[in-house]
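User: Please take a close look at one part of this model, and then work outwards from there. Short sentences suit me. Where a conclusion rests on a cut-off, tell me the cut-off.

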Amino acid sequence: MTAESSATSVPSAGASYASAGVDIEAGDRAVELMKEWVRKTRRPEVLGGLGGFAGLFDASALKRYERPLLASATDGVGTKVDLARRMGVYDTIGHDLVGMVVDDIVVCGAEPLFMTDYICVGKVHPERVAAIVKGIAEGCVLAGCALIGGETAEHPGLLGEDDFDVAGAGTGVVEADRLLGPDRIRTGDAVIAMASSGLHSNGYSLVRHVLFDRAGMTLDQRVEEFGRTLGEELLEPTKIYSLDCLALLRAAEVHGFSHVTGGGLAANLARVIPDGLHAIVDRSTWTPGPVFDLVGRAGQVERLELEKTLNMGVGMIAVVPEESAEVALTLLADRGVDAWVAGEITERGEHTTGAALVGEYAN
């Protein structure tokens, strides 16, 4: 090829961000569409509006604390986003994101104050991005925190046009002398389980492999045990417990919380049990929902594997003095939270670990 012919093969039009696959105008439209949902999460301490380089929160509100400790957490929702994409349902995945972040924060006794989000897409579809933010904002309302900022990033060439992922970070505050941790747990404390709404946002790589790859099920397949389609069950949003936990802290003595996420109930509960003590949780006090049984049967998954991957029907644990258990159960019931005494704290034996499940699940 001659130099002349090589030169004439170069496009005459100059390159642009749009020609590279990034649509700034679509991003601007997405911001306009999401503004009304973000406004619904506003707290009195929030300054400014959406569109600034940083979200602002008036820290003078913390002056009422003697020694305020800030608590921070960040998370995503894993491969559950793939199911949302395949079903074309984008306004529930944000609930999952908020739940995964704020309920980690509340475990130490902190009140979630605000969140920021990060949405990464292959191509900005404004209505789709706005639907995702709508879900995040609705989750923030349920958690009592503000959504003060975020970022939507378009990654053409790295993600397919319909692919996306979400992540978020949150900040909360707790009075130093109200901080919850293993040092508060005592022998004889009651272990109170709070029911999950389903799978929440953990273990979906196993769930997808078992139900789709091995069992050949489809998202639009109706499952009688669920009373709805498989896809609808799998997209059930994560329950958000933060306001319930904060109400419990105000009404009764609480020694600890444990958010049941990746690793399952025993492993997450063990994280808040001090050396020398042991948490015993009795499986016979509850029946896991049918989705857990389906995953186990369809994949011939051993119970131990299920229990270290999925929440098995328990999304949050509260550890309270035995004499506070009845007050705690009454308050949670009044708030619409299905809860029960599932176990107790004992002295750790020679061969015991931080937490263990015993017995058989109720039928």
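Analyst: Start with helix 5, residues 126–143. Of its 18 residues, 13 are buried, so helix 5 is largely enclosed by the rest of the structure. Keep in mind that this is a predicted model. Buried here means under 20% relative accessible area.

Is the length of helix 5 what its residue count suggests? At 1.5 Å a residue, its 18 residues should span 26 Å. The C-alpha atoms at its ends are 26 Å apart, so the two values agree.

Now follow the chain out of helix 5. Gly144 comes after the helix, and its phi is positive, near 80°. Cys145 sits in the loop between helix 5 and strand 5, which covers 146–154. Is Cys145 buried or exposed? Its relative accessible area is 2%, under the 20% cut-off, so Cys145 is buried.

What surrounds Cys145? Leaving out neighbours within four places in sequence, its contacts are Thr41, Arg43, Val102, Pro112, Leu113, Phe114, Met115 and Cys140. Pro112 deserves a second look. Pro112 and Cys145 are 33 residues apart along the chain, yet their C-alpha atoms are separated by 5.6 Å. Contacts of this kind matter for the chain as a whole. Among contacts with a separation of 6 or more, 85% join residues 24 or more positions apart.

Val102, one of the contacts of Cys145, leads to helix 4. Val102 is among the buried residues of helix 4. Helix 4 covers residues 93–105. Twelve of its 13 residues are buried, so this helix is mostly covered. Those buried residues include His95, Asp96, Met100 and Asp103. The length check works here as well. The 13 residues should span 18 Å at 1.5 Å a residue, and the end C-alpha atoms lie 19 Å apart, which agrees.

Asp103 of helix 4 is the residue to pause on. What is the nearest side chain of opposite charge to Asp103? It is Lys239, 8.6 Å away. A salt bridge needs a nitrogen-to-oxygen distance within 4 Å. Asp103 is buried and has no salt bridge. Its side chain does have a polar atom 2.9 Å from the backbone nitrogen of Ser242. Beyond four places in sequence, Asp103 touches Val98, Lys239, Ile240, Tyr241, Ser242, His259 and Met316.

Ser242 carries the path on to helix 8, residues 242–251. Seven of the ten residues in helix 8 are buried, so helix 8 too is largely enclosed by the rest of the structure. Ser242 is one of them, along with Asp244, Cys245, Leu246, Ala247, Leu248 and Leu249.

Next, charged pairs that do meet. The structure holds 18 salt bridges. In one, Asp82 and Arg85 come together at 2.7 Å, N to O. These two are three residues apart in helix 3, residues 80–87, so about one helical turn separates them. Asp82 has 18% relative accessibility and counts as buried. Arg85, at 27%, counts as partly exposed.

Arg228 and Glu236 make another salt bridge, at 3.0 Å, N to O. Arg228 is partly exposed at 23%, and Glu236 is partly exposed at 24%. A further salt bridge joins Glu305 and Lys308 at 3.5 Å, N to O. Glu305 is partly exposed at 34% relative accessibility, and Lys308 is partly exposed at 47%. Shared partners link Asp82, Arg85, Arg86, Asp163 and Arg208 into one salt-bridge network.

Two backbone angles also deserve a check. Most residues other than glycine have a negative phi. His200 is not a glycine, yet its phi is positive, about 60°. His200 lies in the loop between strand 7 (190–195) and helix 6 (204–214). His200 is buried, with a relative accessible area of 2%. Gln300 also has a positive phi, near 50°. Gln300 is in the loop between helix 10 (290–299) and helix 11 (303–307). Gln300 is exposed, with a relative accessible area of 68%.

Last, the whole chain. The protein chain has twelve helices and 14 strands. Of its 363 residues, 51% count as buried. The chain exposes about 17,000 Å², and carbon and sulfur atoms supply 51% of that area.

Note on methods:
Residues are numbered from 1 along each chain as its sequence is written. This is a predicted model: local features need pLDDT of at least 70, side-chain atom pairs count only at pLDDT 80 or more; totals for chains, interfaces and linings use all residues. Side-chain values use heavy atoms; hydrogens and water are left out. Helices (H or I, at least four residues) and strands (E, at least two) are DSSP runs, numbered from the N terminus. Buried means under 20% relative accessible area, exposed over 50%, partly exposed in between (1.4 Å probe, protein chains only). Contact means heavy atoms within 4.5 Å. Accessible areas come from the Shrake-Rupley method with a 1.4 Å probe; for residues, only the protein chains shown count as cover. Lys and Arg count as positive and Asp and Glu as negative; His and the chain ends are not counted. A polar contact is a pair of N or O atoms within 3.5 Å; within protein, one must be able to donate a hydrogen and the other to accept it, and residues adjacent in sequence count only if both atoms are side-chain atoms. The expected span of a helix is 1.5 Å times one less than its number of residues.
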